[in-house]
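Thanks for coming. I'll take a few minutes on one protein model, and I'll go from the surface inwards and then to the parts to be careful with.

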Amino acid sequence: MEEKLLEIKYSMTLDEISDGFMQFWKKYQLKRTIIFSAVYVIALILGADMIIRNSSNFYGYVIVGLAAGMTFYSWYKPFQIRNKMLSTLSSLAEETYITEIYPSELRITTHIVDETEDENAEASEGDDGQTESPPEQAETEPQAEELENAVPAEDYEVSVYRFGMDLMDATETEDTFLLFVNKRLIYIYPKRCLSDDEQDKLREILKDKAIL
């Protein structure tokens, strides 16, 4: 078994997810959007020229309308996707995460916090508002490898990515570390959830793996 380099536990707010999505779009989609927009603008200019030359030219109006519409949609689409995603996430159960980093792989465990768990937690509180739980449970938190026995199977999922096999890239912002996997997935590590030592260690690992 490989020695674990780092383990971090965190959660994400909707604002952090929104910012992360826009960073993802800028990194992988912005250039493509600019190229397509340039093509649409050229088509719009050609259509406008056709109308100027002949104001009754039906095809000129069609070209101008389509080009203008596609240009607008190209820039509006990412915001539409983001808003739909945030609307969906806001109605789902809260999720917490554990990322374990080993020399050869990165393992991410997603724990879905069911509303019934919160209700049970509230029900277990005494009259003084203090949670009644065995000492050994109060003093320790389950590690990622223990989640399988701690929660039902449908309440967690584990994703494993291997360095050198999965395409990974990362960006550090003022408030987060963003990990992009295979140009289609994004993992957001809010700095508010990480200690200074964890931030330094994560930064060191990502640079060592030529990801950051």
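I'll start on the surface. F58, Y59, V62, I63 and L66 make up a nonpolar patch there, and together they have about 510 Å² of accessible area. One member of the patch, Y59, sits in helix 3, residues 58-90. Is Y59 buried or exposed? Y59 is exposed, because its relative accessible area is 58% and the cut-off for exposed is over 50%.

Before going on: this is a predicted model. The mean pLDDT of the protein chain is 82, and 77% of the residues reach 70 or more.

Now the overall layout. The protein chain has seven helices and seven strands. Their order along the sequence is β-α-α-α-β-β-α-α-α-β-β-β-β-α. Of the 212 residues in the chain, 33% count as buried. If you take the contacts between residues at least 6 apart in sequence, 64% of them join residues at least 24 apart. The chain exposes about 13800 Å², and carbon and sulfur atoms supply 53% of that.

Next, the inside. The largest nonpolar core has 21 residues, and which of them touch the most other members? Those are L106, L179, Y189 and L202. Two or more residues of this core come from each of these elements: strand 1 (6-11), strand 2 (94-101), strand 3 (105-113), strand 5, strand 6 (176-181), strand 7 and helix 7. Leaving aside residues up to four places away in sequence, L202 touches L6, I8, I101, F177, Y189 and L194. There is also a second, separate core of six residues, with F24, L86, F180 and I188 among them.

On to charges. Side chains of opposite charge can pair when their charged atoms come close. How many salt bridges does the structure hold? The structure holds ten, and I'll show three.

The first one joins the side chains of E7 and K4, at 2.6 Å from N to O. E7 is buried, with a relative accessible area of 17%, while K4 is partly exposed at 28%.

The second is between E16 and R192, where the closest N and O atoms are 2.7 Å apart. This pair links distant parts of the chain: E16 is in helix 1 (residues 14-28), and R192 is in the loop between strand 7 (185-190) and helix 7 (196-208), 176 residues apart. Why does E16 count as buried? Its relative accessibility is 15%, and buried means under 20%.

The third is E172 with R203, 2.8 Å from N to O. This pair, too, links distant parts of the chain, with E172 in strand 5 (residues 168-172) and R203 in helix 7, 31 residues apart. E172 has a relative accessible area of 30%, so E172 is partly exposed. E172 and R203 also belong to a salt-bridge network that takes in K191 and D200.

Last, the parts to be careful with. Where does pLDDT stay under 50? One stretch is residues 121-125, for which the model has five contacts beyond four places in sequence. Another is residues 131-153, with 25 such contacts in the model.

That's what I have. Please go ahead with comments.

Conventions
Residues numbered from 1 in each chain as written. Predicted model: local features only at pLDDT ≥ 70, side-chain atom pairs only at ≥ 80, totals over all residues. Heavy atoms only, no water. Patch = residues over 30% accessible without salt bridge, like charges linked within 9 Å, V, L, I, M, F, W, Y side chains within 5 Å. Areas by Shrake-Rupley, 256 points an atom, 1.4 Å probe, with all protein chains shown as cover. Salt bridge = Lys/Arg side-chain N within 4 Å of Asp/Glu carboxyl O. Helix = DSSP H or I, 4+ residues; strand = E, 2+ residues; numbered from the N terminus. Buried < 20%, exposed > 50% of the residue type's maximum accessible area, 1.4 Å probe, protein only. pLDDT = per-residue confidence, 0-100. Contact = heavy atoms within 4.5 Å. Core = buried A, V, L, I, M, F, W, Y, C linked by side-chain atoms within 4.5 Å.
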